[in-house]
Amino acid sequence: MERTTAQPTDRTTAGFTPSPVEPLVHQLLATLAQHRMASTRQLHVLLRPDRSRQSVSERLNQLLGERLVDFVELPRSNRTRVWYLTPKGARLTRGWPALRGRPPYPITSATAASLKTPHTLTVLRTHLEFVADARRRGDEHGHLDWTLEVFHAIGDGEKAVADAFLHHTLVDGRQRRKLRAFVEVDRATMSSERLAAKLIEYARLWSYEPQPVGRRRQQTGPGRLRWYPVFPRVLFVLTGAGRQAMDNRINDLKAMTAHHPLVADLAREVPLGAVVLEELEQHGATCDVWTPLAGGSSRPWTEL
């Protein structure tokens, strides 16, 4: 079970939004350092949903003039700008307290930005739904509670890599329930078989026990305990194909869960779920849109 603690005071706000005390330009730089790139609209939704988009655009243009950020325009999008840090901006934000320990995501040219745009914006598109849902509920999940490309060793020189890692605190009266999740965002660019095989990587991470260097092999316990007192949920978010193709991919994930012994063991201990991104956007993250990969009816991701 996730850790639940008592909240010392009642909530005074309806949702969790970035503090206006910190200058918007600092929040913009931190967000781009955290998320690699974002459109003007996405930055507006993340940082100042109660203000005009123009207020965000003005600060971005200020940072552009200082050569701390740059942008590319999305094709066939009415000149939609996608922003990223310049090398100067990346150097400036490196070591900021809010970003300490986070891997850097340098983008050195407009060409590199263009190549990374489709997947990166889809991952951020997913994050926006968790942010919006948290604000509606009064939970805590903000612009820096979503870390890209988290990876861990799983033995034999291999790594399990998640598209994103989610921190979320559910708030119910005076109770606070802390949830974490690995998030895989699939745009139907890989085969369904390869997608389902990602579950094996997570099962290997869950069961992995590193051995200390030396002659004696000692039992050190699961490696996951170094980072996670409770192993995070594993969430698959699917888009980029028709409904039948999405259903087929979810069924393949369920089949892997049922038939692979190590994944089946993982599923008995760790919540696993899948959702179609368009349904997530239509209904919200804590609605009954998530398919439990171990079987059962659709439910919120918090109840998998």
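The exercises below work through a predicted model of one protein, each with a stepwise solution.

**Exercise 1. Overall make-up**

Describe the secondary structure of the protein, the share of its residues that is buried, and the sequence range of its contacts.

Solution.
- Step 1. The secondary structure consists of nine helices and 10 strands.
- Step 2. The protein has 304 residues, and 47% of them are buried.
- Step 3. Take the contacts between residues at least 6 apart in sequence: 63% of these join residues at least 24 apart.

**Exercise 2. The largest nonpolar core**

Find which residues of the largest nonpolar core touch the most other members, and which elements give two or more residues to this core.

Solution.
- Step 1. The core has 30 residues, and those touching the most other members are F182, L199, F231, F236, L253, L266 and L272.
- Step 2. Two or more residues come from each of strand 5 (146-155), strand 6 (158-172), helix 6 (192-207), strand 8, helix 7 (243-259), helix 8 (261-269) and strand 9 (272-276).
- Step 3. Helix 6 gives the largest share, seven residues.
- Step 4. Take L199 as a case. Leaving out residues up to four places away in sequence, L199 touches F236, L253, M256, T257, V263, L266, L272 and L293.
- Step 5. A second, separate core has 23 residues, including L32, L43, L46 and L60.
- Step 6. As background, nonpolar side chains in soluble globular proteins tend to be buried together.

**Exercise 3. Helix 2**

Explain why helix 2 (residues 40-47) is described as largely enclosed by the rest of the structure.

Solution.
- Step 1. List the buried residues of helix 2: T40, Q42, L43, H44, L46 and L47.
- Step 2. That is six of the eight residues in helix 2, so the helix is largely enclosed by the rest of the structure.
- Step 3. Two of these residues, L43 and L46, also belong to the second core, which is separate from the largest one.

**Exercise 4. The side chain of R233**

Decide whether R233 is buried or exposed, and find which backbone oxygens its side chain reaches.

Solution.
- Step 1. R233 lies in strand 8 (residues 233-238).
- Step 2. Its relative accessibility is 3%, and buried means under 20%, so R233 counts as buried.
- Step 3. A polar atom of the R233 side chain lies 2.8 Å from the backbone oxygen of W301.
- Step 4. The backbone oxygen of T302 is reached by the R233 side chain at 3.5 Å.

**Exercise 5. Two residues with positive phi**

Compare R36 and R67, each of which has a positive phi without being a glycine, by location and by burial.

Solution.
- Step 1. Start from the rule: most residues other than glycine have a negative phi.
- Step 2. The phi of R36 is about 80 degrees, and that of R67 is about 60 degrees.
- Step 3. R36 sits in the loop between helix 1 (24-35) and strand 2 (38-39), while R67 sits in the loop between helix 3 (53-65) and strand 3.
- Step 4. At 10% relative accessibility R36 is buried, whereas R67, at 65%, is exposed.

**Exercise 6. The second largest pocket**

Characterise the second largest pocket by its volume and its lining.

Solution.
- Step 1. The space in this pocket is about 240 Å³.
- Step 2. Its lining has 13 residues, and D163, E184, M190, R194 and K198 lie nearest the centre.
- Step 3. Strand 7 (175-186) and helix 6 each supply at least two lining residues.
- Step 4. The largest share, five residues, comes from helix 6.
- Step 5. Sorted by type, the lining has four nonpolar, two polar and seven charged residues.

**Exercise 7. Three strand residues**

Place D70, I154 and T291 in their strands, then give the burial and contacts of each, leaving aside neighbours within four places in sequence.

Solution.
- Step 1. D70 is in strand 3 (residues 69-73) and is partly exposed at 30% relative accessible area. D70 touches L64, V82, W83, Y84 and T86.
- Step 2. I154 is in strand 5 and is buried at 6%. Its contacts are K159, A160, E201, R204, L205 and Y208.
- Step 3. T291 is in strand 10 (residues 291-292) and is buried at 17%. T291 is in contact with I250, K254, L272, G273, A274, S298 and L304.

Conventions
Residues are numbered from 1 along each chain as its sequence is written. This is a predicted model: local features need pLDDT of at least 70, side-chain atom pairs count only at pLDDT 80 or more; totals for chains, interfaces and linings use all residues. Side-chain values use heavy atoms; hydrogens and water are left out. Helices (H or I, at least four residues) and strands (E, at least two) are DSSP runs, numbered from the N terminus. Buried means under 20% relative accessible area, exposed over 50%, partly exposed in between (1.4 Å probe, protein chains only). A polar contact is a pair of N or O atoms within 3.5 Å; within protein, one must be able to donate a hydrogen and the other to accept it, and residues adjacent in sequence count only if both atoms are side-chain atoms. A nonpolar core is a set of buried Ala, Val, Leu, Ile, Met, Phe, Trp, Tyr and Cys residues joined through side-chain atoms within 4.5 Å. Contact means heavy atoms within 4.5 Å. On a 1 Å grid over the protein atoms alone, a cavity is a set of points where a 1.4 Å probe fits but cannot get out, and a pocket is an open set with protein on both sides within 12 Å along at least five of seven lines; lining residues have an atom within 4 Å of a point. Grid points are joined across faces, edges and corners, and a volume is the space filled by probe spheres set on the points. Ala, Val, Leu, Ile, Met, Phe, Trp, Tyr, Cys and Pro count as nonpolar, Asp, Glu, Lys and Arg as charged, and the others, Gly among them, as polar.
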